[in-house]
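This report describes the fold, the cores, a pocket and a few selected residues of one protein chain. The sequence and the structure come first.

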Amino acid sequence: MKKTLALALLMGLSGCGADATDKVARAREEIARMELAAAKVDLSAALAEQGDTAELLRLLAAVQLRMGDGDGAASTAARLEKLGERGPELTRIRAEAALLRGRPDEALTLLGQDGAPQAWRVRAAAHLALDDTAAAVDAFRRGEAAGKDAMLLRDHAQFLIGAEDLTAAEQRVAQIQKLAPDGYDALMLTGEIAARRGRFDAAHSAFAKAAERFPRAPEPLLARASAFERAEQKDKAAEMVAKAAALAPEDPRVIALQVQMATARQDWQKVRDTLASEEAKLDPVSDNGIAYAQALLFLGQREQARSMLQRAFLRAPGNPRVRLLLAGAQMATDDPRAAYATVMPLADSLIADTPELELAETAARALELESEAERWKAKRLSPQRAQALELAGKAEDALLREKWDIGIAAYRTIAAQGDDAEIYRRLALALSRSGKGDEAIAMADKARALVPADADLIHLSGYVRAVAGKEPDTARRLLLEASQADPRNPVYRKSLARWGGQGSEG
């Protein structure tokens, strides 16, 4: 009897061990395919069956950190400590876990004087969480000087993409490729940079390759959806969003793109229903925040929409979508005087679109400004405006294909019709990207002279100087001024950090 029981127990224990081994092997394969949630489940089950080991706990912690699970990683670090683990690797796990739990100061304290590239990566992220982008840039640079680390290079490349320094980002991606050829991060970053440059075929090639190699990860599908959206291929974008939603229906990025698709279809009830539970937490200048306010406006909740759009406008007066929607909300709440003042800068543009001109005309008639109303009507119907819009469309298409000379020529033709801050802004960016720094600076300054308080145009004047390597003191002053005008704008902060130091980074 005892022998039978002992044999049964032995067989049972052997079965558990084999099962745990299978789970660990499966988890490693899942990590390689970026199926992190599944890997986390398998590793947790294996540890429960066979007991804690330092190797598996370190693997679990890496998965938890990659997933952004700070609480889980902190718990795993405590289990490692119980096993007697000590040293910088454990400290880095605890520091990154603290960062993910919203404690960047604690993360910096834990890292102390650790000079490893991995520590500098966490430091950079902590400084970014504290809105100290200059310290983050310094951490990225010191980390790269300390050695090659693929995740550090990934984070730095992502930062540089946000700062619109695509050339420097490409240099980091090239280094990642050497460390992990055709790995997940290298493919995703390659695709993002290509999409930012308007090279959509190259972008889709990289994203499709990532989707094929990592079929359970929603990110490649979301990236393709965004690229299709930029190229105005809305049906294909919706197809990618649907595929991503099948993999990760609760993912905030999936939800954001679903909102974007519903906004494009003018399905306002869908937008409102999707975001209603998040209303109190919505950033008014985020895409979701603007879409929600727009949905409220079209669903008849006009005062609430106006309040949300007014907050967005105070943060981003240079955003044409916010300005037009606010003017519409002001008109809908029986305030044509405010609506007229708000929409005027848009209607005055050489490439004013029909909605802003119609709104300007309607507001003018409500104010009994008949001659003004007739002026907006005449402009809306004028062949000159139609020609300018056609040229602007051709210019944008040319610039997406990096046909700089064609795009620049088209914008110059429009600019010959009169001063227009928006045309000068587009022309400055096109000139800058084609390497014509002096002309880009001149156009950016012309735009800023027309609307001197616009933070976007202040930033542009600093940005084109920094890219051209011209007037570094003026560039820094302008970038700082833009950042101070809108401290929460991530592009302004990153640009200031990127170029606020000495010269340009290679």
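The text below goes from the whole chain to its cores, then to a pocket, two helices and single residues.

## Overall fold

The model is predicted. Its chain has 29 helices and zero strands. Along the principal axes, the C-alpha atoms fill a box of roughly 105 × 50 × 40 Å. The chain has 506 residues, and 46% of them count as buried. Among contacts with a separation of 6 or more, 51% are between residues 24 or more positions apart.

## Nonpolar cores

The largest nonpolar core has 36 residues. Those with the most contacts inside this core are Met-34, Leu-43, Leu-80, Ile-93, Tyr-184, Met-188 and Phe-214. Two or more residues each come from helix H1 (2-32), helix H2 (36-50), H3, helix H4 (70-82), H5, helix H11 (184-196), helix H12 (200-213) and helix H13 (219-230). H3 gives the most to this core, with eight residues.

Leu-43 can serve as an example from this core. Apart from neighbours within four places in sequence, Leu-43 is in contact with Ala-27, Ile-31, Leu-56, Leu-59, Leu-60 and Val-63. A second, separate core has 33 residues, including Leu-427, Ala-444, Ala-447 and Tyr-463.

## The second largest pocket

The second largest pocket has a volume of about 530 Å³. It is lined by 18 residues, and the closest to its centre are Ala-62, Leu-65, Glu-96, Arg-121 and Met-151. By type, the lining divides into 10 nonpolar, one polar and seven charged residues. Helix H3 (54-67), helix H5 (88-100) and helix H7 (117-129) each supply at least two residues of this lining. H3 gives the most to the lining, with six residues. H3 is also the element that gives the most to the largest nonpolar core.

## Helices H18 and H21

Helix H18 covers residues 302-315, and its 14 residues should span 20 Å at 1.5 Å a residue. The end C-alpha atoms of H18 are 20 Å apart, so the expected and modelled spans agree. The buried residues of H18 are Ala-305, Arg-306, Met-308, Leu-309, Ala-312, Phe-313 and Arg-315. These residues pack against helix H17 (287-298), helix H19 (320-332) and helix H20 (336-347).

Helix H21 covers residues 354-366, and the same check at 1.5 Å a residue gives 18 Å for its 13 residues. Its end C-alpha atoms are 18 Å apart, which agrees. In H21, Glu-356, Leu-357, Leu-359, Ala-360, Glu-361, Ala-363 and Ala-364 are buried. They are covered by elements including H19, H20, helix H22 (370-381) and helix H23 (383-400). H21 is followed by Glu-368, whose phi is positive, near 60°.

## Selected residues

The table gives the relative accessible area of five residues.

| Residue | Relative accessible area | Class |
|---|---|---|
| Ala-194 | 7% | buried |
| Gln-294 | 12% | buried |
| Ser-495 | 0% | buried |
| Gln-266 | 57% | exposed |
| Asp-334 | 71% | exposed |

Ala-194 lies in helix H11. This residue counts as buried because its relative accessible area is 7%, and the cut-off for buried is under 20%. Not counting residues up to four places away in sequence, Ala-194 touches Arg-199, Ala-202 and Ala-203. The C-alpha atoms of Ala-194 and His-204 are separated by 8.8 Å, with the two residues 10 apart along the chain.

Gln-294 lies in helix H17. Leaving aside neighbours within four places in sequence, Gln-294 is in contact with Thr-263, Trp-268, Arg-321 and Leu-325.

Ser-495 is found in helix H29 (residues 490-499). With neighbours within four places in sequence left aside, its contacts are Ala-163, His-459, Leu-479 and Gly-500.

Where do the two exposed residues of the table, Gln-266 and Asp-334, lie? Gln-266 is in the loop between helix H15 (252-264) and helix H16 (268-275), whereas Asp-334 is in the loop between H19 and H20. Phi of Gln-266 is near 60°, a positive value in a residue other than glycine. Phi of Asp-334 is likewise positive and near 60°. Both count as exposed, Gln-266 at 57% and Asp-334 at 71%, because the cut-off for exposed is over 50%.

Notes: Residues are numbered from 1 along each chain as its sequence is written. This is a predicted model: local features need pLDDT of at least 70, side-chain atom pairs count only at pLDDT 80 or more; totals for chains, interfaces and linings use all residues. Side-chain values use heavy atoms; hydrogens and water are left out. On a 1 Å grid over the protein atoms alone, a cavity is a set of points where a 1.4 Å probe fits but cannot get out, and a pocket is an open set with protein on both sides within 12 Å along at least five of seven lines; lining residues have an atom within 4 Å of a point. Grid points are joined across faces, edges and corners, and a volume is the space filled by probe spheres set on the points. Helices (H or I, at least four residues) and strands (E, at least two) are DSSP runs, numbered from the N terminus. Ala, Val, Leu, Ile, Met, Phe, Trp, Tyr, Cys and Pro count as nonpolar, Asp, Glu, Lys and Arg as charged, and the others, Gly among them, as polar. The expected span of a helix is 1.5 Å times one less than its number of residues. Buried means under 20% relative accessible area, exposed over 50%, partly exposed in between (1.4 Å probe, protein chains only). Contact means heavy atoms within 4.5 Å. A nonpolar core is a set of buried Ala, Val, Leu, Ile, Met, Phe, Trp, Tyr and Cys residues joined through side-chain atoms within 4.5 Å.
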